[in-house]
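Here are a few notes from my look through this one. Keep the structure open beside you and follow along point by point.

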Amino acid sequence: MNTSNDNVMQQNRVPEAILNPSKEKIQQDAKAVYDIVSGGGIGILHYDVSYAIMSASEEALRHVYAAKGRSFDRASGVVGSFEIHDSVHDLSSEKRAMVRAVTVDNNLPLSVIATYKKDHPFMAKLSPWLLEMATRDGTVNFLLNAGELRDRVAEYCWQEQRPFIASSANASLKGTKYRVEDIEPEVLAAADIVINYGPSRHIQTKSLSSTQIDFRTMKVVRFGIFFEEISAVLKRDFGVELPANPYAA
């Protein structure tokens, strides 16, 4: 439970929410996030699926892990987009069609885990330690369809060939946060910039984040937001039957 001092600190760290920001505002905020994070800072920003925390340097990522109380045994993801996924992931044409069907044709968010091209210059920009923290067993996780702000940040990352590392903006194992004011004070305090667009678009009554699928084997790594809809698309269009969600009500 937060102390009264924690509550004051948290209130001081929460910028006023901007609901329904214009495209110009989103572009402006994306550039601000890119500039700060690429310069060694830390950003917390609105995703459609939850709030996320980004970094791009070893020092900043260590700070993120410390603030979250996250074990270094747990990998983070790399900020992605459909273009980044299409270029970096090493997938068959059928698997690529599956990703497109879910994220483009049906506009659903999905964390795509797949083998990445080891010689790709984008991934080569990561230091050995950052690469170790952003990948597992030769795979990298790109969250697709996370919202316009995240997509604009990803565009800057791709244009400048500067990968960012991201994870959910919450203390480790304390549940996904859909509002800035719900993020733990110690996590908020780590950020050099916080972009508050109000509640995440896909806010849940349960603490769910994105659905994660390992496309090497079609294993469901995490049953998350829109799992049933994603499962239905894959079964209908490709005959792929995912397991039932064990956490469904």
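How many salt bridges does a search of the whole structure find? Keep in mind that this is a predicted model.

1. The search turns up 13 salt bridges. As background, side chains of opposite charge can pair when their charged atoms come close.

2. Start with Arg 96 and Asp 86, which form a salt bridge with their closest N and O atoms 3.0 Å apart. Arg 96 sits in helix α5 (residues 93-105) and Asp 86 in helix α4 (residues 82-88), so this pair ties together parts that are ten residues apart in sequence. Arg 96 has 19% relative accessibility and counts as buried, because the cut-off for buried is under 20%. Asp 86, with a relative accessible area of 38%, is partly exposed.

3. Now find Arg 150 and Asp 151, whose side chains meet in a salt bridge at 3.0 Å, N to O. Are the two partners buried or partly exposed? Arg 150 is buried, at a relative accessible area of 1%, while Asp 151 is partly exposed at 22%.

4. Lys 177 and Glu 184 make another salt bridge, and here the closest N and O atoms are 3.0 Å apart. Both Lys 177 and Glu 184 are buried. Then there's a group to trace: Lys 23, Glu 148, Arg 152 and Glu 155 are joined into one network by salt bridges that share partners.

5. Have a look at helix α8 (residues 148-160) as a whole. What span should its 13 residues have at 1.5 Å a residue? The expected value is 18 Å, and the end C-alpha atoms are 18 Å apart, so the two agree. Buried residues in α8 include Leu 149, Val 153, Tyr 156 and Trp 158. Arg 150 and Arg 152 are buried in this helix too. Right after α8 comes Gln 161, which has a positive phi, near 55°.

6. Last stop: His 89, in the loop between α4 and α5. His 89 is buried, with a relative accessible area of 0%. What does its side chain reach at 2.9 Å? The backbone oxygen of Val 140. A polar contact, also of 2.9 Å, joins the side chains of His 89 and His 85. Setting aside neighbours within four places in sequence, His 89 is in contact with several residues, among them Ile 84, Val 112, Thr 115, Tyr 116 and Phe 142. Arg 96, from the salt bridge with Asp 86, is another residue in contact with His 89.

Technical notes:
Residues are numbered from 1 along each chain as its sequence is written. This is a predicted model: local features need pLDDT of at least 70, side-chain atom pairs count only at pLDDT 80 or more; totals for chains, interfaces and linings use all residues. Side-chain values use heavy atoms; hydrogens and water are left out. A salt bridge is a side-chain nitrogen of Lys or Arg within 4 Å of a carboxyl oxygen of Asp or Glu. Helices (H or I, at least four residues) and strands (E, at least two) are DSSP runs, numbered from the N terminus. Buried means under 20% relative accessible area, exposed over 50%, partly exposed in between (1.4 Å probe, protein chains only). The expected span of a helix is 1.5 Å times one less than its number of residues. A polar contact is a pair of N or O atoms within 3.5 Å; within protein, one must be able to donate a hydrogen and the other to accept it, and residues adjacent in sequence count only if both atoms are side-chain atoms. Contact means heavy atoms within 4.5 Å.
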